[in-house]
Amino acid sequence: MIDGPLALLGGPVALQIGDALGQFLQPRTLARVFVDGLAKAALYVMIAAGLTLIFGLMGVLNFAHGSLTMIGAYLGGAILVVLVGGGGPTTLALFFVTVVAVFGLLAAFGGLLEVGLIRPLYDRPPIYQILLTFGLTLVLDELARIVVSFYGLQPISDWQAALGTKPPILTQSIGLGPVSVSGLALFQIGFGLVTVLAIYAFLTRTRYGLVVRAGSEDSEMVDALGIDVRRVFTVVFALGVGIAGVAGTLLAWDATWGASVPLASETLLPAFVVVIVGGLGTFRGTVVAGLLVGLVDSTMTWWFQNAIEFTGLPEMTIFLILVITLIVRPQGLFGLAEVGGH
């Protein structure tokens, strides 16, 4: 184990790096890093999906996305604490009931935000929407801080009551051949995959999804066909906020994230990284970028835990991906020349 970046100099260190490389290239290690990377990718895509849906189809850059994810984590955690109590075999079923409830509540809240706050600014420059959503995130964060302090929910970093509702099967390791992986990681991969397929099917296989896409391309033409474009945008914004709430509910079971007020900023930054790297407003790009960021994050986390001990470097590599992308391909992996607009 290397104790710092300065210790990288010298012959013995080179030997340790060589030993670490040999260990990393073992099939069992590679498989575990790959599964962990898929789990991280699922979370990143879940966090960023609502943001890219709103921006790609409406052109609204929602800076309050992280705060809405945080509210989803607290709301989902609260419902789970009430429903699950001391745990039981039906916990997973109750989790999906909670997901539906949080999605509905956050979607309704998002619809109200769009009608009351966002819609009046469509005819103004985008900076007005950015400033509005930035102010909204400050208000939501402070309100959440007041509520959790009033009820004494969070004297520590994570809300342990919500974490405690996780069923035992997700706290155990599951054997996949020679590899032992976390049950929670497998659950996150499956949940993220289902969510991606559901959003893709909605946008490409449903009549309303086609109307939404047409409205984002040419709102005047869609309006001329007798379709209420304003209502379409309200539905899109509500869906994006609802997905943010679902992502928050999933994070409430992950000890690495957990329900906390700082979760708002902790999720907003990687969400923007994934959306920008994938190409602003492209759902396909968000999925590919989430996969890329998740695998790189998992790989660098292994290296900085097993070869180089230096806190914070795994997170730094995520933003390094953003910097390299902006230099090499500023429009992102699947960026479009023009997106959104009214």
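How many aromatic pairs does the count come to? The count comes to 13 aromatic pairs, in what is a predicted model. A good place to start is F95 and its partners.

A pair of aromatic rings is described by the distance of the centres and the angle of the planes. Take F95 and F96: their ring centres sit 5.6 Å apart with the planes at 80°, so this pair is edge-to-face. As for exposure, F95 is buried, at a relative accessible area of 0%, whereas F96 comes out as partly exposed, at 40% relative accessibility. F95 also pairs with W253, and here the rings are stacked, 4.5 Å centre to centre with 20° between the planes. That stacked pair ties together distant parts of the chain: F95 belongs to helix α4 (residues 91-118), W253 to the loop between α10 (229-251) and α11, and 158 residues separate them. Both F95 and W253 are buried. Follow the ring pairs further and you get a cluster of F95, F96, F187, F191 and W253.

W253 has a polar side to show as well. Its side chain makes a polar contact of 2.8 Å with the side chain of T165, a residue in the loop between α6 (160-163) and β1. T165 is buried, with a relative accessible area of 4%. Setting aside neighbours within four places in sequence, T165 touches L80, V81, V84 and T91 in addition to W253.

Moving along the chain brings you to a hairpin. Strands β1 (residues 173-176) and β2 (residues 179-182) run antiparallel and are joined by 4 bridges, with I174 standing opposite V181. There are 2 residues between the strands, and G177 in the turn has a positive phi of about 65°.

Next up is helix α7. At its start, a side-chain oxygen of S182 comes to within 3.1 Å of the backbone nitrogen of L184. The helix covers residues 183-205, and at 1.5 Å a residue its 23 residues should span 33 Å; the end C-alpha atoms are 32 Å apart, so the two agree. Buried residues of α7 include L184, F187, F191, V196, I199 and L203.

F187 and F191 lead on to the largest nonpolar core, which has 45 residues; Y74, F95, F187, F191, L250, W257 and V293 have the most contacts inside it. Helix α11 (residues 263-278) gives the most to this core, 9 residues. Apart from it lies another core, of 31 residues, among them L106, L140, V222 and V236. As for V293, its contacts beyond four places in sequence are Y44, V273, V274, I318 and I321.

Conventions:
Residues are numbered from 1 along each chain as its sequence is written. This is a predicted model: local features need pLDDT of at least 70, side-chain atom pairs count only at pLDDT 80 or more; totals for chains, interfaces and linings use all residues. Side-chain values use heavy atoms; hydrogens and water are left out. Two strands pair if DSSP finds at least two bridges between them. The expected span of a helix is 1.5 Å times one less than its number of residues. Buried means under 20% relative accessible area, exposed over 50%, partly exposed in between (1.4 Å probe, protein chains only). A polar contact is a pair of N or O atoms within 3.5 Å; within protein, one must be able to donate a hydrogen and the other to accept it, and residues adjacent in sequence count only if both atoms are side-chain atoms. A nonpolar core is a set of buried Ala, Val, Leu, Ile, Met, Phe, Trp, Tyr and Cys residues joined through side-chain atoms within 4.5 Å. Contact means heavy atoms within 4.5 Å. Rings of Phe, Tyr and Trp (its six-membered ring) pair if their centres lie within 6.5 Å; planes under 30 degrees apart count as stacked, over 60 as edge-to-face and the rest as tilted.
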